[in-house]
Amino acid sequence: MITYAVVGRNVACTLEIALCQALAAAEAGDSVVFVDSASVDTSATIARRLGVQVLRAPAGKGRAVAALLDRHDGGPLCLLDADVERSGCNIAVALRNASNASDADMVIARYDWPARDELSVTHSVHARLVGALFPEHAAQLSPKPLSGFRLLNTQLPLGRLPSGYGLEAHLNVQISALGGEIAWVDIGVYEGPVVRRGAEFAHEIGAAILDVAELHGRLAPEIRPAWEEWIATVADVFGSVPRGEPDLSPYRERLRAVAARALPVRKQALEPDQQALA
């Protein structure tokens with residue numbers, strides 16, 4: 001039985017759309033819950049009016065999902081962002097159908113957002129780190145690997161979730177490192193509120209990937225500071241997007257250039273005496 005979990009904070013303006021999609025997707029035995037990440041608006045009231053259970057959770061997307069998993073029964077979990085303004089189909093239904101048609105451990109929705117001027121951390125941080133540390137997953141990458149719409153097998157050990165927006169990056173590489181199968185489903189057009197996140201967003205994505213890489217022995221702990229420095233340089237540029245500028249091409253060029261720099265090594269070089277013993 002599937003649990004459809006709509007996750008959000010202060011999402012009163014869009015919540016009803018996401019919840020109605022989840023309610024329409026739910027079949028006999030399924031459940032729908034709104035995971036309220038410390039909202040201070042009327043989000044919880046809207047959910048209860050629709051007959052949806054509300055789970056109060058801490059602020060931070062990763063913390064909110066971790067609170068949900070603490071109470072979860074171990075069945076399939078469909079995570080849905082609450083900030084849906086418009087979508088070309090019922091996202092929850094598309095994920096359910098794609099999961100039923102495959103043996104994938106996680107199905108992720110990918111979409112087209114035509115009105116958004118994309119200034120994404122996807123290529124500047126996520127793709128570079130995943131390509132170096134999880135190359136088997138890099139081959140499966142979608143244009144929207146950080147999509148907040150996904151259905152996953154919670155029987156897998158998902159590990160300690162990051163506190164905030166590193167959640168999707170963590171799930172991508174953790175399930176990949178465990179040998180899980182990841183599938184994608186196209187949902188057409190999706191639109192939501194455009195939020196310009198700053199440098200901290202890039203730091204969170206990068207840290208989530210490094211955490212899993214270190215956990216699985218793909219990154220030596222003593223080398224991690226060099227990787228964090230690489231991420232920090234990219235994050236500084238990512239967070240410096242000019243406001244109100246009609247031409248963002250110079251900014252994009254700076255971001256591409258800094259993200260194209262060589263990545264650090266993954267293992268510490270052996271000293272000569274250690275090489276002789278190796």
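Me: Buried means under 20% relative accessible area. In this predicted model, what percentage of the 278 residues in the chain is buried?

Reply: The count takes in the 278 residues of the chain. A residue enters the buried group when its relative accessible area is under 20%. By that cut-off, the buried share of the chain is 50%.

Me: Which radius of gyration does the chain have, and why does the value agree with a compact globule?

Reply: The C-alpha atoms fill a box of roughly 70 × 50 × 35 Å along the principal axes. A compact globule with 278 residues would have a radius of gyration near 19 Å, so the value for the chain agrees with that expectation: 20 Å.

Me: How many helices and strands does the chain have, and what percentage of its contacts between residues at least 6 apart in sequence join residues at least 24 apart?

Reply: The secondary structure comprises 11 helices and 8 strands. Of the contacts between residues at least 6 apart in sequence, the share joining residues at least 24 apart is 75%.

Me: Which element gives the most residues to the largest nonpolar core?

Reply: The largest nonpolar core holds 37 residues, and Leu 80 and Leu 95 touch the most other members. Elements giving two or more residues to this core include β1 (3-8), β4 (77-81), α4 (91-100) and β8 (182-191). With 6 residues, the element that gives the most is α4.

Me: Which residues are in contact with Leu 95, leaving aside its neighbours within four places in sequence?

Reply: Leu 95 is one of the two residues that touch the most other members of the largest core. Leaving aside neighbours within four places in sequence, the residues in contact with Leu 95 are Cys 78, Leu 80, Val 107, Ile 108, Ala 109, Phe 149, Arg 150, Leu 151 and Val 185.

Me: How many residues does the second, separate core have?

Reply: Among the members of the second core are Leu 133, Phe 134, Val 173 and Phe 238. This core is separate, and its number of residues is 31.

Me: Is Leu 219 buried or exposed?

Reply: Leu 219 lies in the loop between α8 (199-215) and α9 (224-238). Leaving aside neighbours within four places in sequence, its contacts include Leu 133, Trp 227 and Arg 266. Because its relative accessibility is 1%, Leu 219 counts as buried.

Me: How many Å apart in space are Leu 219 and Lys 267, C-alpha to C-alpha?

Reply: In sequence, Leu 219 and Lys 267 are 48 residues apart. In space, their separation from C-alpha to C-alpha is 6.5 Å.

Terms used:
Residues are numbered from 1 along each chain as its sequence is written. This is a predicted model: local features need pLDDT of at least 70, side-chain atom pairs count only at pLDDT 80 or more; totals for chains, interfaces and linings use all residues. Side-chain values use heavy atoms; hydrogens and water are left out. Helices (H or I, at least four residues) and strands (E, at least two) are DSSP runs, numbered from the N terminus. The radius of gyration is taken over C-alpha atoms; the globule rule is 2.2 Å times the number of residues to the power 0.38. Buried means under 20% relative accessible area, exposed over 50%, partly exposed in between (1.4 Å probe, protein chains only). Contact means heavy atoms within 4.5 Å. A nonpolar core is a set of buried Ala, Val, Leu, Ile, Met, Phe, Trp, Tyr and Cys residues joined through side-chain atoms within 4.5 Å.
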